[in-house]
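Student: I have a protein model open in front of me, and I would like to learn how to read it. Could you walk me through it step by step?

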Amino acid sequence: MKIWVNLILAFSVFSANAQHRQHLAHTHGAGKMSIAFDGLNGRIEFEVAAESILGFEYAPKTNSDKKVVAQAIKSFQKDFDQMLQFDSALGCVLSPDKVEQKMEGKTSSHSNFVATYNVQCKKPLINSRVKFNFSRHEHLNDLDVTILIDAFQKTIEITNKESVIDLK
Ligand SMILES: [Zn+2]
C-alpha cells in the first residue's frame, strides 16, 4: 500500500519542517494538512487546534457547545471540497473518513479538530492546481501543507485565506 507509505512520509516531512521552524505541535490558529496520492487514490489528513474551528477546546458541555461541534463536523464532512478544491476536470471525489474533536490528553484542556478523507480522482493531479479556501475559518491563520503525489513532493505554508498551489 504505497499510499500509506506516502502518508507516513508526508508526516515525517512535515515534522522535519516543523522542527526546523520550531513550531509547537499544538498552536492556536495553526494546523497541518497532508495530501498523499498513490496514482489516482489519495488520502488527506487535516489537523488544527480546535480553537481555530470551534472557538473553544474543552469537551463540549452545554447544548450550545455540542451544537457548535456538531455543526463543525457536518461542515467538514459536507463542505471540505470547498476548502480544498482540486481542478474540477480531474473528477476528484472526496469521501470523509473520521471528523472529530480530539482531546490532547486526559488532563489537557487543549484539543484538536481532526478530519481525514479518502479521495478518488479520474485523472492524475500532476501539473494541475489545487485551491485552498479557509475564508469561513477566520481564526485559522497558518496551515502547513505537505503534498506527496507518487514521486512528487511539495511542502508549503499557507497563511492566506485563499491560496493556489501548482502541483509541479
Ligand atoms: Zn489549545
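**Reading the fold, piece by piece**

Tutor: Gladly! From the N terminus on, the elements of the protein chain run α-β-β-α-α-α-β-β-β-β-β-β-β. That gives four helices and nine strands. Keep in mind that this is a predicted model.

Student: What average pLDDT does the protein chain have?

Tutor: pLDDT is the predictor's confidence in each residue, from 0 to 100. The protein chain averages 90, and 86% of the residues score at least 70. Residues 18-23 need care: pLDDT stays under 50 there, and the model has two contacts beyond four places in sequence for them.

Student: Now the strands. How do they hold on to one another?

Tutor: Strands of a sheet pair through backbone hydrogen bonds, either parallel or antiparallel. Here, one open sheet has six strands in the order 4-5-2-1-7-8, with mixed pairing. Strand 4 (93-103) and strand 8 (152-158) stand at its edges with a single partner strand each, so one side of each has no neighbour in the sheet. On average, neighbouring strands of this sheet are turned by 10° against each other, direction ignored.

Student: In which sense do strand 1 and strand 7 pair?

Tutor: They pair in the parallel sense, over eight bridges. Two residue pairs let you see this on screen: methionine 33 has valine 145 in strand 7 as its bridge partner, and lysine 32 has aspartate 144.

Student: And what about strand 1 and strand 2: parallel or antiparallel?

Tutor: Those two run antiparallel and are joined by eight bridges. Methionine 33 turns up again here, standing opposite phenylalanine 46 in strand 2. The two strands form a hairpin with two residues between them, where glycine 39 takes a positive phi near 65°.

Student: Where else can I find a hairpin like that, with two residues between the strands?

Tutor: Look at strand 7 and strand 8, which form a hairpin with two residues between them. In its turn, aspartate 150 has a positive phi of about 50°. These strands pair in the antiparallel sense over seven bridges, and valine 145 has isoleucine 156 in strand 8 as its bridge partner.

Student: How many bridges do strand 4 and strand 5 share?

Tutor: Nine, in the antiparallel sense. You can find valine 99 opposite alanine 115 in strand 5. Helix 3 (residues 63-78) lies across both strands, running at about 155° to strand 4.

Student: Which strands make up the sheet of three?

Tutor: That open sheet has the order 3-6-9, with antiparallel pairing. Its edge strands are strand 3 and strand 9 (162-166), each pairing on one side only. Neighbouring strands in this sheet are turned by 20° against each other on average, direction ignored. Strand 3 is joined to strand 6 (residues 129-133) by three bridges, and phenylalanine 86 has valine 130 as its bridge partner in strand 6.

Student: How do I tell what is inside and what is outside?

Tutor: Count the C-beta atoms around a residue: 20 or more others within 10 Å make it buried, while 12 or fewer make it exposed. Buried residues make up 27% of the 168 residues in the protein chain. Strand 1 has seven buried residues out of nine, so it is largely enclosed by the rest of the structure.

Student: Then is alanine 70 buried or exposed?

Tutor: Alanine 70 has 11 C-beta neighbours inside 10 Å, so it counts as exposed. You will find this alanine in helix 3.

Student: Which residues have the most contacts inside the largest nonpolar core?

Tutor: In soluble globular proteins, nonpolar side chains tend to be buried together. The largest nonpolar core here has 29 residues, and those with the most contacts inside it are Met33, Ile35, Ile44, Val48, Ile53 and Phe113. Among the elements that give it two or more residues are strand 1 (30-38), strand 2 (41-49), helix 2 (51-54) and helix 3. For a closer look, pick isoleucine 53: leaving out residues up to four places away in sequence, it touches Val48, Ala72, Phe113 and His137.

Student: Do contacts like those join distant parts of the sequence, and what share of them does so?

Tutor: Among contacts in the protein chain between residues at least 6 apart in sequence, 65% join residues at least 24 apart.

Terms used
Residues numbered from 1 in each chain as written. Predicted model: local features only at pLDDT ≥ 70, side-chain atom pairs only at ≥ 80, totals over all residues. Contact = placed C-beta atoms within 7 Å. Pairing = 2+ DSSP bridges. Axes fitted to C-alpha atoms, helices over the stretch in contact; angles between N-to-C directions. Core = buried A, V, L, I, M, F, W, Y, C linked by C-beta atoms within 7 Å.
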